[in-house]
Structure formats: structure tokens, C-alpha cells
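Got the model open? Let's go through some of the labels people stick on a structure like this and check what backs each one up.

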Amino acid sequence: MPEPRLRVVVDAMGGDHAPREIVAGAVQAAAELGVEVLLVGPTHRIEEELEAAGRGALPVRVIEAAEVIAMAEAPAMALRRKRRASILVAVDALRRGEADALVSAGNTGAAMAASLLRLGRIEGIDRPAIAAVLPTLRGRAVMVDVGANVDCRPKHLLQFAAMGSVYANRVLGIANPRVGVMSNGAEDTKGNEVVIRASELLRSSGLHFIGNVEGRDFFDGAADVAVCDGFVGNLLLKFGEGLALGIFTMLREELSRGPLVRLGVALATPRLRALARRMDYTEYGGAPLLGVNGICIIAHGSSKAKAIRHSVALAAESVRAGMIEAIRADIGRLSGSVALADEPAAEPLPEASMAVETTPSQASTVAARPAGHPLSTGSPDAV
């Protein structure tokens, strides 16, 4: 008996290029990945785009949602005012079991807050976190958190490490992922109080902890999972993106100087294209919101069809990998084995602290993007 088809619900109205590019990516995913896609938004608009995209008999369904939360809207206010917003309807479909995973390229803060409020946290997780996959000289690495939590306690970094390790192992296929804490030095005594205490917790966690990782060593592939609070992670991510953009711009300028240089570029074009693919965020899909009771993939706000297709693929792979169950098991093991005597018990999540502008992409990809390219679509205010 064949396995039931996975169902991925997509916020069709989320993103700079919604609904056209979102719908086109969903159609690609349904055609190539063997999944059923549920598109949420105003039915008449989505049906028009489906016809233009050539849906045919593909497994694509539409769920009506009359309201849309715009990219620039304050998430808290918008969620309270727009009860039939596409992101809320999409999250509710996931909560009710009508879908197995969710993808949104819309307002990041709204997507995070809706997921947290409607799905809840995995038991033992105090703070859900966003994980980004970045290219390194050894392949790929996970950085977590990259924007959900500005202020963290040591136990939160421990939880991020556990969730990031599960993601790296189950979805990226990295055996026994090496975990490091981002710090201002490799020595155990370097870092602020939170970093030093988190390192102590990680040493007794049973995870493959390798110690502190300096910023200059991350892209060498020093760790498979790099742990930090969302403030540091967001800064590192955006600095890396800006640096890559600057280098690519200078490279284009230098490679256009003179006929001999252009000839060399023509000969090197296949390798240059391979490098561009390696750095292209659309190849990585979106970034998972780890720690909520459901697979939620946050795609880049400027995602086009290709990025949406890859985000749906990432969502389906996360379901097949049993990521939620694995995180639940690992957190349960940590809770029983790590001494948190000086750490308060699970506290209510201070959503107001989740205010860093976050990257919805797997922005992993310090990919070169046009100047002024929006990295984020919002931040989750207190709801």
C-alpha cells in the first residue's frame, strides 16, 4: 500500500511577489515532489494564478482566507485585527492536521507569532529559534538562533544546540554534528557570562560539543552547528550577506576590465556559475522555526517560484525525517541529564524580546543580492 501523500500548506499571500510567484512555486513543488500543496488566500486570486501556472490535474487545493497581513504591518496588531489572515488560516490548517507542514514567505514576525500561539512549544523548549543553513568550506552548517530571541539564558543556548543538532543530523544528513558556541575567542574563559555558562552545560549534555567558535572560523567549517543568541546570529548573518555582496560587486567590476579579462571570464563561466549556485539562497529553501509543535518553514520575503519550491521540499523532508519527534526525544534526554540547578524553570515566553529583524530565508546563503534587498519581513512584537 503506497504511503499517503504529504500535505504542505503554503501562505499564498505572503511575500513581496505574492501571489504569482508563490503559486508558481507551489505548482512546481506539486509537479516534481509528489506532495499535495494547500494554498491559502483569496480563492479568486489564487485560482487565477493557478490557471496561469498550468495547474492541470496536479494535487493543489485552495483554502479561502479573505485577509492578508502586509510585510510592513506590526505583527501583534495585525494578528489581533485580522482573524482570517492567510497566515493564521494556514497555521490553523497545520494545527488541525489538515497539513503536515507549513511554508510562509510573508511577514516573519506574524508567521512566528501565529505558529507559537496556535501550535505551542515542544515540551521542554522555552524559546523557539530560527535556524539558518550557511555554506562553508566543508559543505553546510547550521547557525541558530538568527533572530528570534534577542536576550537568552544559558539553558536557551543549550536547547538551541539540541534542536540544531537534530536538524543537522536528520535533515542535512550530518552524522554526529559538531556543536560550537559563537564567542570572541576559542579559549574556555572567553565570552560573556551566558556563553561561558552555556559551554559548561553543553560539555555535560552528551552532544558533540567542540567548544567556542570564533567568527573567522565559522566559514572554515569549524562546527556543524553554531549556537548563539538571536542578536548575535542576526548580526553575523547580515554582516556575512553584506560582505558577500560587496565582494561579488568588486569581482564583477574587476572581471569586466579589458578584453583579455573578459576572455578569461568566458572560460571560467561554468565554475563561476557553480559558485553562484553554492551561494544562492534560493537553493536552500527556507529556515525552520525550531521548537514549535509543527514543521514551519520561513522563506525569504523576496522568494520567487524556485525558492518556494525548495522551501516546500525542505518542509516535506523535515516531516519525513521525523524532526519534531526527534527534537522532543532529545530535549527530554537533556532535561534528565543536564544540571540546571541555577536556571529557573520554564518561564512564559517574553515575545517582546523576540524583536530582532529576522531573516526568513535560509539566508544561510550569504548570496549576492541586489542592493537594497530586504533581508527580513518583520519582527514578532508581543502578542
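Q: What makes β7 and β9 count as paired strands?
A: In this predicted model, β7 (residues 178-182) and β9 (residues 225-227) are joined by 3 bridges and run parallel. Pairing takes at least two bridges, so with 3 bridges the two strands qualify. One spot to look at is V179, which sits opposite V225 of β9.

Q: What does α6 touch when it packs on the sheet?
A: Helix α6 touches β5 (129-136), β6 (139-144), β7, β9 and β10 (287-290). The direction of α6 makes about 160° with that of β9.

Q: How do you know that β7 is mostly covered?
A: Buried means under 20% relative accessible area, and 5 of the 5 residues of β7 are buried. Both faces are involved: R178, G180 and M182 point one way, V179 and V181 the other, and all are buried.

Q: How is β7 joined to β8, and what makes the crossover between them right-handed?
A: There are 5 bridges between β7 and β8, and the two run parallel. R178 is opposite H208 in β8. The chain gets from β7 to β8 through helix α7 (residues 193-203). With the strands pointing away from you, a path that runs clockwise is right-handed, and that is the hand this β-α-β crossover has.

Q: Why is one side of β3 and of β8 left without a neighbour in the sheet?
A: The open sheet has 11 strands, in the order β3-β2-β1-β4-β11-β10-β5-β6-β9-β7-β8, with mixed pairing. β3 and β8 (208-213) stand at its edges, each with a single partner strand, so one side of each has no neighbour in the sheet. Ignoring direction, neighbouring strands are turned by 25° against each other on average.

Q: Why is β2 called largely enclosed?
A: Because 6 of the 6 residues of β2 (residues 36-41) are buried, the rest of the structure largely encloses this strand. Here too both directions are covered: E36, L38 and V40 point one way, V37, L39 and G41 the other, and all are buried.

Q: Which strands pair with β2, and over how many bridges?
A: β1 (residues 7-11) is joined to β2 by 5 bridges, running parallel, and D11 has V40 as its bridge partner in β2. The chain goes from β1 through helix α1 (residues 20-33) to β2, in a right-handed β-α-β crossover. β3 (residues 60-64) also pairs with β2 in the parallel sense, over 5 bridges. There, L39 has V62 as its partner in β3, and β2, helix α2 (residues 43-53) and β3 make up a right-handed β-α-β unit.

Q: Why is M13 called buried?
A: The relative accessible area of M13 is 8%, the cut-off is under 20%, so M13 is buried. M13 sits in the loop between β1 and α1. Leaving aside neighbours within four places in sequence, the contacts of M13 are A18, P19, V40, G41, P42, R45, V68 and S86.

Q: What makes α4 a mostly covered helix?
A: Of the 10 residues in α4 (residues 86-95), 9 are buried. The buried ones include S86, I87, D92 and L94. Just after α4, G97 takes a positive phi of about 85°.

Q: How do α4 and α5 cross, and which residues make the contact?
A: The axes of α4 and α5 (residues 108-119) come within 9 Å and cross at roughly 35°, and the crossing is right-handed. On the α4 side the contact is made by I87, L88, V91, D92, L94 and R95, and on the α5 side by A110, A111, A114, S115, R118 and L119.

Q: What makes up the nonpolar cores?
A: The largest core has 65 residues, and L39 and Y167 have the most contacts inside it. Helix α6 (residues 154-170) gives the most to this core, with 9 residues. A second, separate core has 44 residues, including A78, A85, L119 and M182.

Notes. Residues are numbered from 1 along each chain as its sequence is written. This is a predicted model: local features need pLDDT of at least 70, side-chain atom pairs count only at pLDDT 80 or more; totals for chains, interfaces and linings use all residues. Side-chain values use heavy atoms; hydrogens and water are left out. A nonpolar core is a set of buried Ala, Val, Leu, Ile, Met, Phe, Trp, Tyr and Cys residues joined through side-chain atoms within 4.5 Å. Buried means under 20% relative accessible area, exposed over 50%, partly exposed in between (1.4 Å probe, protein chains only). Helices (H or I, at least four residues) and strands (E, at least two) are DSSP runs, numbered from the N terminus. Axes are lines fitted to C-alpha atoms, for helices over the stretch in contact, and angles run from 0 to 180 degrees between N-to-C directions. A crossing is left-handed if the near helix is turned anticlockwise from the far one by less than a right angle, and right-handed if clockwise. Contact means heavy atoms within 4.5 Å.
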